[in-house]
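Trainee: I am new to this structure and would like a close look at a single part. Could you walk me through one helix and its surroundings?

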Amino acid sequence: MKNIWVHERTLIIAAVMLLLSILLMVVIIPGVYYNSIPNQTNAGAVIGISLAIFFRLLIFIWYISIIKKIRRDSKIRKAVYISIGVFLIIFGLIYSDGAFAFLNNKNILYVSFLMFISVFCDLIASILTFVALILSRKI
């Protein structure tokens with residue numbers, strides 16, 4: 001019984017880390033839109049960040065469905081954990097490309113740092129997902 005509780009708690013912490021990542025993405029949108037290109041707005045970067053938020057929200061909903069299945073004592077396939085973890089790593093690496101791109105822009109340097117923190121949150125969530133996979137084998 002304790003392993004189920006730890007397994008569920010690990011997934012909840014991973015989902016919270018993903019929500020923190022999404023929150024950081026929402027915070028940087030105004031800075032990217034107004035300050036990334038002098039005297040212009042950068043709609044392309046905002047569209048890219050919005051897509052990143054959308055994909056992470058889908059993964060968050062996936063986390064919530066897994067947690068609900070754990071509470072109902074249903075069996076969850078290992079492929080679900082692996083796919084969530086791999087998707088988060090891939091999305092984090094793609095998003096880190098944008099973080100490196102904004103690192104050269106001295107006017108909005110905070111955007112790059114917040115993007116790197118968001119990538120770090122994604123990677124922590126993926127690691128916690130893989131830990132939950134290991135814990136699910138012991139149940």
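Mentor: Happily; let us take helix α2 and what comes right after it, starting with the whole chain. This is a predicted model, in which local features need pLDDT of at least 70 and side-chain atom pairs count only at pLDDT 80 or more, while totals for chains, interfaces and linings use all residues. Residues are numbered from 1 along each chain as its sequence is written, and side-chain values use heavy atoms, with hydrogens and water left out.

The protein chain has 4 helices and 0 strands, in the pattern α-α-α-α; helices (H or I, at least four residues) and strands (E, at least two) are DSSP runs, numbered from the N terminus. Its C-alpha trace spans about 60 × 20 × 20 Å along the principal axes. Of its 139 residues, 44% count as buried. Buried means under 20% relative accessible area, exposed over 50%, and partly exposed in between, with a 1.4 Å probe and protein chains only.

Now to α2 itself. The 29 residues of α2 reach 42 Å from first C-alpha to last, close to the 42 Å expected at 1.5 Å a residue; the expected span is 1.5 Å times one less than the number of residues. Among the buried residues of α2 are Ala45, Ile49, Ile53, Arg56, Phe60, Tyr63 and Ile67. An α-helix has 3.6 residues a turn, so residues three or four places apart point the same way.

There is also a nonpolar patch on the surface, formed by Ile47, Leu51, Phe54, Phe55, Leu58 and Ile61, with about 580 Å² of accessible area together. Patches are made of residues with over 30% relative accessible area and no salt bridge (a side-chain nitrogen of Lys or Arg within 4 Å of a carboxyl oxygen of Asp or Glu). Like charges are joined within 9 Å, and nonpolar side chains (Val, Leu, Ile, Met, Phe, Trp, Tyr) within 5 Å. Accessible areas come from the Shrake-Rupley method with a 1.4 Å probe. One member of this patch, Phe54, lies in α2 and is partly exposed because its relative accessible area is 44%.

Finally, look past the end of the helix. Asp73, which follows α2, has a positive phi, near 60°. Arg72 sits in the loop between α2 (43-71) and α3 (78-102) and counts as exposed because its relative accessibility is 59%. Together with Lys68, Lys69 and Arg77, Arg72 forms a positive surface patch; Lys and Arg count as positive, and the place of a charge is taken as NZ of Lys or CZ of Arg.
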